[in-house]
Amino acid sequence: MVFFISQSLFFIIPLLIVAIAGMFSEKSGTVNIALEGLMVIGAFCGTFFINKMQAIGFLEGAPQLLLIISMILAGIGGAIFSSLLGFLAINMRANQVIGGTALNLVGGALAIFLAKQFQPNNAVQISYDNSVFRLDSDFLAGVFPNINYIFFKQAYLTLYIGILILIVSTIVIYKTKFGSRLSACGEHPEAAQSVGINVYRYRWIGVLLSGFLGGLGGLVYALPISVSFEGTVAGYGFLALAVLIFGQWKPMRVFIAAIFFGMFKALSVTFFSFDWISDLIVQFPNVPFGTIFRILPYLATMLILALTSKRSRAPKASGIPFNFKAN
Amino acid sequence: MNNVLKKIGNFFKNLWAKIVPFVKKVWAKVLPVLKKIGKAIAKFFGRFKKAEGFNAFLGAMLAISIGLIMGILLMWIIKPDNATEGITRLIKGTLNNPNGVKAGIGVLLLSSAPLIFTGLSVAFAFKTGLFNIGASGQYTVGLFCAVLVGILGDSLGSFQWIVAVLAGMAGGFLWGAIPGLFKARYNVHEVITSIMFNYVGMYLVNGLLTSNFLKTRVVDGSNNRTIKVDQLARTPYGFFDELFPNSGLDISILIAIGTAILIYFLLNKTVFGRELKAVGLNRHAAKYSGVNEKKGIFMSMAISGMLAGLGGALFILGPNRFNLGNAYAIENVILTPGFDGIPIALLASSNPIGVVFATFFVSHIKLAGTAMQSVGFVKEIVDIIIAIILYFSAFSLILTQNLGNIKKFFHKFKRKKNTQDVAFEAKEGDE
C-alpha cells in the first residue's frame with residue numbers, strides 16, 4: 001500500500017501540473033490540445049540538460065539545484081514551443097484543435113530528431129541518473145515510517161513544487177485582478193475588451209503560462225518513472241486534458257481529478273504489489289489482468305466524462321478566435 | 001593596335017545602334033500578344049478562383065512549399081557537407097529506388113494504400129464536423145479482426161480474404177462507433193474519446209494476442225509478431241504483378257481509389273451524405289430541419305472508423321514483395337498510419353479525391369526519408385516537414401482568403417518605392 005501511494009504520487013503530480021497548464025490556456029480562451037507536445041518538448045529540454053550536466057559533473061554536490069535549473073529550462077522550452085500555438089490561435093485565428101494536433105506531431109518528431117542528431121550513435125534514449133534527485137531524508141522516520149517513506153524518502157522535490165503550483169494558481173485565478181481578467185477573456189472577450197482589457201495580451205499570457213507549466217510537467221513526468229527519455233509521454237497530455245474537463249476548470253477539483261486518475265494509472269504498473277490482486281491472478285490464470293489494469297484508467301476517464309460532460313462549465317469563449325476588428 | 005581596337009569598338013557600337021531599334025520594334029509587336037496571353041491565363045485561373053477548391057489548392061501548395069523550405073533549411077544547418085545530396089534525395093523521393101522508376105512507383109502506390117484510407121477516415125469525419133484523432137486505434141482493431149479471420153478462417157476457402165476485409169471493416173466500424181456514441185449521447189468531445197480509444201484499442205489488441213488462446217495460434221513467439229495470414233486470405237496482385245513487377249503492389253490501391261470516389265459521391269450526391277454535412281455545419285439547424293442529428297454524429301464517426309479499419313485490414317492482408325506477407329509487431333506503441341491521416345486530410349481540405357493526391361505526396365516524401373538515412377540524415381526530418389506542413393495548412397486557408405489584402409499591401413509598397421524613386425531623381429536633377 002505504501003509503495004502504491006508513493007508510486008501514484010509520481011503520476012498525480014505531473015497530471016496536476018499539466019492540467020493546470022491547460023487550465024490557464026483555456027481560461028484565457030485558447031483550447032490547448034498541444035499539451036502532449038509541450039510535455040515532450042519540456043521533458044526533452046530538461047532531460048537533455050541533465051544528461052549533459054551529469055556527464056561533465058556540473059553541480060554534482062547540489063542535485064536539487066540542478067533539478068530546479070533543468071525544470072526552469074524545461075518550462076522555457078515549453079513556453080517557446082507554445083508561442084507557435086499562440087501565434088496560430090490568437091494572431092492568425094486558425095482552428096486551434098488542428099493547430100494543436102500539428103504541434104503534437106512537431107513536438108514528438110522534433111524531440112526524437114534532436115535526440116538522434118545530438119547524441120552518439122543516433123540514440124533516441126536520453127539517459128540520466130534520477131536516484132540523486134530523490135530527497136532521501138530521514139525526517140519523521142522514527143515516528144511515522146510510512147509517511148517518511150512516501151513524502152520524504154522516495155519523493156522528489158517535484159512533489160512540493162507541484163503542490164506549490166496548485167496553491168499559487170488557485171490564488172492567482174480567484175484572488176487577483178490578473179486572474180479575473182484572464183477568466184473574462186475566456187468567458188466573454190467582447191465584454192472584456194469593452195472595459196479596456198487587451199484580450200490579445202491576456203490570451204498570449206495564458207498560452208505562454210500554459211507552455212511553461214506544460215513543459216515543466218513533462219520533465220516532472222519523465223524524471224521519476226524511468227532512467228531514460230525516449231521522445232514520448234504515452235498520451236499523458238491527453239489524459240491531463242481529460243482531468244481538466246473532469247475537474248471542471250477549477251484548480252482544486254482538478255487536483256481531486258488528478259488523484260483519481262493518478263491512482264488508476266499507478267494501479268496499472270503496481271497491481272502485482274497488492275496481495276489480493278496477486279491472489280486473484282493465481283486463482284484465475286485465464287483472466288488477462290495486465291491488460292485490464294492498463295485499459296482501466298482510460299475506461300474510467302470515459303465513464304466519468306460521460307457522467308460529467310452534460311453539465312460542463314467550460315469557459316464559454318474557449319476555442320473561439322477573437323477578432324478585434326469585428327467588434 | 002589601337003586602330004584595330006577602335007574599329008572593333010565602332011563595329012559593336014553600330015551593331016548596338018541597329019539592334020536596339022529592331023528589338024524595340026519587335027517588343028512593341030510582341031507586347032500586346034503577351035498581354036493578351038496574360039489576360040487569358042488570368043481569365044483561366046479566375047474561373048478556378050471562383051471555384052471552392054482553388055483557394056484550398058493554393059493553400060495546400062503554400063503549406064507544402066513552406067514545409068519543404070523549412071526542412072531544407074534545417075538540413076542545411078545541421079549537415080552543410082551532405083546537404084546537397086540529402087536535398088536531392090528528399091526531392092527525388094520515390095525515384096531513389098535502386099530498382100528503377102517502375103519499382104519506385106510500385107512501392108509508392110503500395111505504401112499509399114493504407115494512408116489513403118486513414119486520410120479518408122479523418123477527412124470524412126472533418127466534412128461532418130468531427131475531428132477523428134482515433135484513426136490509429138480503428139486501424140489497429142481493423143487489422144486485428146482481419147488477422148483473426150485471415151489465420152483462423154481456413155474453412156472459408158477462396159472467400160477468406162473478402163471475409164477478412166469485411167471483418168476489418170466491422171472492427172473499425174465498432175471502434176469508431178463508440179466515440180460517436182459518447183459524442184451523440186453524452187456530449188463528450190470526440191477528440192478526447194477517440195484518443196483514449198487509440199490506447200484502449202492498442203492495449204486490448206496486444207492483450208488479446210498474448211492471451212492463452214491466441215498466443216499459440218496467431219503469434220510467432222520467436223519475434224513477437226503475428227504470423228503471416230493464409231495464402232487464400234491475401235489480397236490478389238491483380239494485373240499489377242506484370243505492370244510493376246516485384247514491387248509487391250496489390251489491388252488494395254484500386255480499392256482505395258475506388259473508396260475515395262465512393263465517399264465523394266456519398267458526401268455530395270446522396271441525401272444521407274448531405275444530411276451528415278448539414279449536421280457538421282450546424283448541429284442545431286440540422287435538427288430543426290428534421291435531420292436526426294444524433295444518428296448523424298454516430299454514423300459519421302462509425303463510417304470514419306470503418307474506413308480506417310479497412311485500411312488496417314488491407315495492409316495486413318497485403319501479399320507484399322515476393323508474396324512474403326505483412327506482420328503486426330506486438331509492441332506498446334500506437335501505429336503511425338492513423339496519425340499520418342490527419343495532415344493528409346488537411347492538405348486535401350477534406351476533399352476525398354484530394355486525399356488520394358495528398359497521400360501520394362506524403363508517401364513520396366516518406367520514402368525520401370528512408371533514402372536520406374544513408375547520407376547521414378535522420379529520417380524523422382520527414383516527420384518534422386510533414387508536421388510543419390500540417391501547422392501551416394491550419395492557417396493557409398486564412399492566408400489565401402486574404403490574398404487580396406497581401407496584393408494590396410504589395411501595391412502600396414510599390415507605390416511608395418515609386419514615389420521614393422521620383423524624389424531621388426528630382427534630387428539628382430537639382431544637382
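How many salt bridges are counted between chain A and chain B? In this predicted model, the count between the two chains is one. The pair consists of A:K116 and B:E380, whose side chains meet with an N to O distance of 3.1 Å. The bridge crosses from helix α4 of chain A, which holds A:K116, to helix α16 (residues 380-401) of chain B, which holds B:E380. Both partners fall under the 20% limit for burial: A:K116 counts as buried because its relative accessibility is 14%, and B:E380 likewise counts as buried, at 9%. Side chains of opposite charge can pair when their charged atoms come close.

The contact in which this bridge lies draws on 43 residues of chain A and 42 residues of chain B. About 3,700 Å² is buried between the two chains, and carbon and sulfur atoms account for 81% of that area. Polar contacts across the interface of chain A and chain B amount to three residue pairs, both members of each being at pLDDT 80 or more. On the side of chain A that touches chain B, the elements that contribute two or more residues are α3 (63-91), α4 (96-118), α10 (236-246) and α13 (289-308) of chain A. Of these, α4(A) supplies the largest share, 14 residues. By residue class, the side of chain A that touches chain B comprises 29 nonpolar, nine polar and five charged residues.

Over all chains, the count of salt bridges comes to six. Within chain B, B:E85 forms a salt bridge with B:R89, and their closest N and O atoms are 2.9 Å apart. These two residues are separated by about one helical turn, because they stand four residues apart in helix α3 (residues 83-92) of chain B. An α-helix has 3.6 residues a turn, so residues three or four places apart point the same way. Neither end of this pair is classed as buried: B:E85 counts as partly exposed at 37% relative accessibility, and B:R89 counts as partly exposed at 22%.

A further salt bridge of chain B joins the side chains of B:E293 and B:R283, with an N to O distance of 3.8 Å. This pair links distant parts of the chain, ten residues apart, with B:E293 in helix α13 (residues 293-317) of chain B and B:R283 in helix α12 (residues 283-288) of chain B. The two partners fall into separate accessibility classes, since B:E293 counts as buried at 8% relative accessibility, whereas B:R283 counts as partly exposed at 24%. In addition, B:D340, B:K366 and B:D383 are joined into one network by salt bridges that share partners.

The geometry of helix α6 (residues 160-186) of chain B was also examined. At 1.5 Å a residue, the 27 residues of this helix should span 39 Å, and the separation of 38 Å between its end C-alpha atoms therefore agrees with the expected value. The residue that follows α6(B) is B:N187, which has a positive phi, near 60°.

Buried positions in chain A were considered next. A:L67 lies in helix α3 of chain A, and its relative accessible area of 0% means that A:L67 is buried. Leaving aside residues up to four places away in sequence, A:L67 touches A:F133, A:L157, A:T158 and A:L223. The C-alpha atoms of A:L67 and A:Q7, which are 60 residues apart along the chain, are separated by 20 Å. A:T30, in contrast to a helical position, is found in the loop between α1 (2-27) and α2 (35-56) of chain A. A:T30 is nevertheless buried, with a relative accessible area of 1%. Beyond residues up to four places away in sequence, the residues that A:T30 touches include A:S25, A:L85, A:A89 and A:I90, and also among them are A:Q96, A:R203, A:V207 and A:S318.

Burial is likewise found in helix α5 (residues 145-153) of chain A, where A:N148, A:I150 and A:F152 are buried. The cover over the buried residues of α5(A) includes α1 and α6 (157-175) of chain A.

How values were computed: Residues numbered from 1 in each chain as written. Chains lettered and ligands numbered in written order. Predicted model: local features only at pLDDT ≥ 70, side-chain atom pairs only at ≥ 80, totals over all residues. Heavy atoms only, no water. Contact = heavy atoms within 4.5 Å. Buried area = accessible area lost by both parts, 1.4 Å probe. Salt bridge = Lys/Arg side-chain N within 4 Å of Asp/Glu carboxyl O. Polar contact = N/O pair within 3.5 Å; in protein donor to acceptor, adjacent residues only side chain to side chain. Nonpolar A, V, L, I, M, F, W, Y, C, P; charged D, E, K, R; others polar. Buried < 20%, exposed > 50% of the residue type's maximum accessible area, 1.4 Å probe, protein only. Expected span 1.5 Å × (residues − 1).
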